[in-house]
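Work through the following exercises with the sequence and the model at hand, and compare each step with the worked solution.

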Amino acid sequence: MNNVPTSEHFTIEELCRSQVAVCLGIDNEPKREDIIANLKRLAFHTLEAVRILNGNKPITITSGYRCKELNRAVGGVATSQHQCGCAADLVVGSAEDNRRLFEKIKSSGSVPFDQLILEPKAGWIHVSYVEGGNRFQIIDRS
């Protein structure tokens, strides 16, 4: 997979990287153009806005696109937005840093998202973007 930029700070490779896929020999490269387009929209509209809220400091994507096989392997739900390239899980440091960023995203009004989920026990923030259909659903699993 090449390092195709999706936005100023994110690449397709970064949004598809998975240690689980590597360990299990799963090809997690998106093959469909609609999935690649969704990844680009997610990065451009949502992840870049999250990075700005984080003081323009890097954010780490722990899970982005997941093919169906990878989604099953990690225990993802069958309807996961990760499978269509519309979702990413991210971290910015400690659990407290993640919570602060979650609260900033939730209250900012400047980050377009479909779902915003804080997963403190798992240690990440889930964010998704759906072109023309964002619900602005917020879930805090604390």
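**Exercise 1.** Determine how many disulfides the structure holds, and account for the state of Cys16 and Cys67.

*Solution.* With a disulfide taken as a pair of cysteine sulfur atoms within 2.5 Å, the structure holds zero disulfides. Cys16 takes part in none, since its nearest cysteine sulfur, that of Cys67, is 9.6 Å away. Seen from the other side, the closest cysteine sulfur to that of Cys67 is in Cys16, and 9.6 Å is too far for a bond. As to accessibility (buried means under 20% relative accessible area, exposed over 50%, partly exposed in between, with a 1.4 Å probe and protein chains only), Cys16 is buried at 3%, and Cys67 is buried at 11%.

Two notes apply throughout. This is a predicted model, in which local features need pLDDT of at least 70 and side-chain atom pairs count only at pLDDT 80 or more, whereas totals for chains, interfaces and linings use all residues. Residues are numbered from 1 along each chain as its sequence is written, and side-chain values use heavy atoms, with hydrogens and water left out.

**Exercise 2.** Locate Asn56 and Phe136, and state the sign of phi for Asn56 and for Phe136.

*Solution.* Helices (H or I, at least four residues) and strands (E, at least two) are DSSP runs, numbered from the N terminus. Asn56 sits in the loop between helix H3 (33-53) and strand S1 (60-63); its phi is positive, near 60°, although Asn56 is a residue other than glycine, and its relative accessible area of 42% makes it partly exposed. Phe136 belongs to the loop between strand S4 (124-128) and strand S5 (137-140); this residue, also not a glycine, has a positive phi of about 55° and is partly exposed at 46%.

**Exercise 3.** Describe the largest nonpolar core, and find which residues touch the most other members.

*Solution.* A nonpolar core is a set of buried Ala, Val, Leu, Ile, Met, Phe, Trp, Tyr and Cys residues joined through side-chain atoms within 4.5 Å. The largest one has 32 residues, of which Leu47, Leu90 and Ile105 touch the most other members. Among the elements that give two or more residues to this core are helix H1 (12-16), strand S2 (87-91) and helix H5 (95-108), while H3 gives the most, with nine residues. Leaving aside residues up to four places away in sequence, Leu47 has contacts (heavy atoms within 4.5 Å) with partners including Phe10, Ile61, Leu90 and Val127.
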